[in-house]
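Open the structure in your viewer and keep the selection box at hand. This tour takes you from stop to stop, with something to select at each one.

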Amino acid sequence: MTDALARIHAAFADAGVTGRLHAVDIDSGAQLGAGADQPVCTASVHKLCLLVTLHEQAAAGSLDLTEQVDCPPEGRTAGPTGLAAMLDGARLSLRDLAYLMMSVSDNAAADLLLARVGLDAVNRTTARLGLTGTHAVHTFGELLATIKEDAGPGGARSLADPHVVARLRALDPDRTNHSTPRDMTRLLAAVWRDEACTPEHGAAIRRVLGLQVWPHRLASGFPFDDVHVAGKTGSLPTVRNEVGVVEYPDGGRYAVAVFTRTARTSALQPAADAVIGTAARLAVDALRAPEGGTEGGLGGRGGRGGF
């Protein structure tokens, strides 16, 4: 296990990132961590907390997931995907908004859902689940507004300047939506064990997480037809994250959370994207090794060898 952690740290260093990671065997409790309890900016990973809150309220009868929501083009939260990038009005159900929020990380869909359930409800849900290091400070539109304000008159172009990026509140866990890698794997494990919601709603959450379209981070570490990866990414300037669950055909289920920061300010960060899959694979391989487990964890499952 010490060797696995060394290889994970080396992979982060080679990619030029500061990495935080936690991985856990959902069934045995075997776990591996690198900075697992360090506060991190969640970015769009926090949409997972919103998704669980939505289904918790649906299970309680507080809302109907088929409820229709008008989505006018005026006032939509900005973003490059989904409703945020569309030009015309639309009308969608809450559950279809949730699909767009998770599959393509649609900011506009996320804020429409937040308008329905409330930011305080998201924080009550994470508190109920014991995620003491997790807190939602603002909506996604408000998060983007802080970036615009902190960037100053130079606008988006100024985000190439490291000095400008260094002052962004959106990158400070004390002033933005935040969590820890261990909290996120705890949340995922609760979803996969049907502890976060009723089994019906847990299955719906797992389905939507499995429909995410981005294969270049967590999923890139598991390029096998018989291994299923379900997850949620998060991105901000210098930040690349993903949390998810990796399921093997022998029944092994592993929750993994990887959060990275880089000093590079370029919009495209292929090395940071790729190392998320690399680090996750190294962690899962370690948990599946016959002697697997650390931090007091139990033995892992036998399986594929090293990455």
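The stops below visit pockets first and aromatic rings afterwards.

**Before you start.** This is a predicted model, in which local features need pLDDT of at least 70 and side-chain atom pairs count only at pLDDT 80 or more, while totals for chains, interfaces and linings use all residues. Residues are numbered from 1 along each chain as its sequence is written, and side-chain values use heavy atoms, with hydrogens and water left out.

**Stop 1: the largest pocket.** Select P80, L144, S235, L236 and P237, the residues closest to the centre of the largest pocket among the 36 that line it. The space here comes to about 1,000 Å³. A pocket is found on a 1 Å grid over the protein atoms alone, as an open set of points where a 1.4 Å probe fits, with protein on both sides within 12 Å along at least five of seven lines; lining residues have an atom within 4 Å of a point. The volume is the space filled by probe spheres set on the points, which are joined across faces, edges and corners.

Now colour helix 6 (140-151), strand 7 (228-236) and helix 10 (270-288), each of which supplies at least two lining residues. Helix 6 gives the most, with 7. Helices (H or I, at least four residues) and strands (E, at least two) are DSSP runs, numbered from the N terminus. By class, the lining has 19 nonpolar, 13 polar and 4 charged residues. Here Ala, Val, Leu, Ile, Met, Phe, Trp, Tyr, Cys and Pro count as nonpolar, Asp, Glu, Lys and Arg as charged, and the others, Gly among them, as polar.

**Stop 2: the second largest pocket.** Move to R182, T185, R186, A189 and R193, which lie nearest the centre of this pocket, out of 19 lining residues. Its volume is about 300 Å³. Which helix gives the most to this lining? Select helix 8, which supplies 7 residues. The lining divides into 7 nonpolar, 5 polar and 7 charged residues.

**Stop 3: the rings.** Show Y248 and Y254 as sticks: their ring centres are 5.9 Å apart and their planes at 90°, so the pair is edge-to-face (centres within 6.5 Å; planes over 60 degrees apart). Y248 is buried at 6% relative accessibility, and Y254 is buried at 0% (buried means under 20% relative accessible area, with a 1.4 Å probe and protein chains only).

Add R288, which lies over the face of Y248, at 3.7 Å from the ring centre. Finally, select K47, whose charged end sits over the ring of F140, 5.0 Å from its centre (NZ of Lys or CZ of Arg within 6 Å of the ring centre and within 35 degrees of the ring normal).

Notes. Phe/Tyr/Trp six-rings, centres within 6.5 Å; stacked < 30°, edge-to-face > 60°. Buried < 20%, exposed > 50% of the residue type's maximum accessible area, 1.4 Å probe, protein only.
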